[in-house]
Amino acid sequence: MEITVLAFGIAKDIFGRESVQISLGKNTDIASLKEILEEQYPKLKELASYMIAVNDEYAHADIVINTGDEIAIIPPVSGG
Amino acid sequence: MIDILLSTEPLDVSHCINLVQSPECGGIDVFIGTVRSQTKGKQVVRLEFEAYERMAIKEMRKIAEQAMDKWPVHKIAVHHRTGVLQIGEVPVMIAVSAAHRDAAFDACRYIIDTLKQTVPIWKKEVFEDGEVWVAAHP
């Protein structure tokens, strides 16, 4: 399946755009998605940390991604 | 009562305070974040804030709800700005009313500290000679 990964902050600079399309196999979890993203965008590994959000919620590593989920990459936040 | 706002417009400090006023309350604790002119001795030209809007609003509300559960407070307003901010402008403002001041102080402190850790908002510092996303790298 094809998913769209939204990018914010420095992740947008790393991707060079506001979102990217990624092709995933069935039952891909967050941990695997991070591996795939890091392979395509090695600069992600240089970040202090980053989280993945699924449908507006921080997602644990074992959460499985479904078609239609809104996926976003959340680099270290710095609001306030 | 919880009032959450994420806005590209300048934050209205007195409006935010008025929102949490209540006859049952003995006090209002207010935190106002302001844009500082220097970071680590380097002159800042401006800040640029970006948010994952829907999630940011959701996370700000969660924090306010947690504060309501933890302390006997009446009303909470959490307002955050996005876009380009100049030195001295207000990117964030929190107002908490309570019958007694301890709860208001504690809740307000908890809200700003947690907001800085969990709410998906990002700040870019722009200098004369470059720019950096705050906290991005170790």
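This is a short tour of two sheets, a helix pair and a few side chains in a predicted model.

**Stop 1: the sheet of chain A**

Begin with chain A. Select strands 1 to 5 and show them as ribbons. Which order do the strands take across the sheet? The order is 2-1-5-3-4, in an open sheet of 5 strands with mixed pairing. Now look at the two edges. Strand 2 (19-23) and strand 4 of chain A sit there, each with a single partner strand, so one side of each has no neighbour in the sheet.

Next, select strand 1 (residues 2-7) of chain A together with strand 2 of chain A. These two run antiparallel and are joined by 5 bridges. For one example, pick Thr4(A): its bridge partner in strand 2 of chain A is Gln21(A).

Move on to strand 3 (residues 51-54) and strand 5 (residues 71-74) of chain A. They too are antiparallel, with 4 bridges between them. Click on Ile52(A), and you will find Ile73(A) of strand 5 of chain A opposite.

**Stop 2: a hairpin and a helix in chain A**

Keep strand 3 of chain A selected and add strand 4 (residues 57-58) of chain A. This pair is antiparallel, with 2 bridges. Val54(A) has Glu57(A) in strand 4 of chain A as its bridge partner. How many residues lie between the strands of this hairpin? There are 2, and Asn55(A) takes a positive phi near 50°.

Now add helix 2 (residues 30-40) of chain A. This helix lies across strand 1, strand 2, strand 3 and strand 5 of chain A. Its direction is at about 120° to strand 3 of chain A.

**Stop 3: a sheet in chain B**

Switch to chain B. Select strands 1, 5, 7 and 2. These 4 strands form an open sheet in the order 1-5-7-2, and the pairing is mixed. Its edge strands are strand 1 (2-7) and strand 2 (27-33) of chain B, each pairing on one side only. From one strand to the next, the twist averages 5°.

Zoom in on strand 1 and strand 5 (residues 73-81) of chain B. Do they run parallel or antiparallel? They pair in the parallel sense, over 6 bridges. Find Ile2(B) here, with Ile76(B) of strand 5 of chain B standing opposite.

Then show helix 2 (residues 53-70) of chain B. This helix packs on the sheet and touches strand 1 and strand 5 of chain B. Its direction makes about 155° with that of strand 1 of chain B.

**Stop 4: two helices in chain B**

Leave helix 2 of chain B on screen. Add helix 3 (residues 101-118) of chain B. The axes of the two helices come within 10 Å and cross at roughly 150°. Helix 2 and helix 3 of chain B are therefore roughly antiparallel to each other, since angles over 145 degrees count as such. Their crossing is right-handed.

Show the side chains at the contact. From helix 2 of chain B, select Glu59(B), Met60(B), Ile63(B), Gln66(B), Ala67(B) and Lys70(B). From helix 3 of chain B, select Ala107(B), Tyr110(B), Ile111(B), Thr114(B), Leu115(B) and Thr118(B). The residues of this contact divide into 7 nonpolar, 3 polar and 2 charged.

**Stop 5: Glu48(B) and another hairpin**

Select Glu48(B), in strand 4 (residues 42-51) of chain B. A polar contact of 3.0 Å joins its side chain to that of Arg46(B). Leaving out residues up to four places away in sequence, Glu48(B) touches several others, including Gly83(B), Val84(B), Trp122(B) and Trp133(B).

Finish with strand 8 (residues 121-127) and strand 9 (residues 130-133) of chain B. They pair in the antiparallel sense over 4 bridges. A hairpin joins the two through 2 residues. Pick Glu125(B) last: Val132(B) of strand 9 of chain B stands opposite.

Conventions
Residues numbered from 1 in each chain as written. Chains lettered and ligands numbered in written order. Predicted model: local features only at pLDDT ≥ 70, side-chain atom pairs only at ≥ 80, totals over all residues. Heavy atoms only, no water. Pairing = 2+ DSSP bridges. Axes fitted to C-alpha atoms, helices over the stretch in contact; angles between N-to-C directions. Contact = heavy atoms within 4.5 Å. Parallel < 35°, antiparallel > 145°, perpendicular 65-115°, else oblique. Left-handed = near helix turned anticlockwise from the far one by under 90°. Nonpolar A, V, L, I, M, F, W, Y, C, P; charged D, E, K, R; others polar. Polar contact = N/O pair within 3.5 Å; in protein donor to acceptor, adjacent residues only side chain to side chain.
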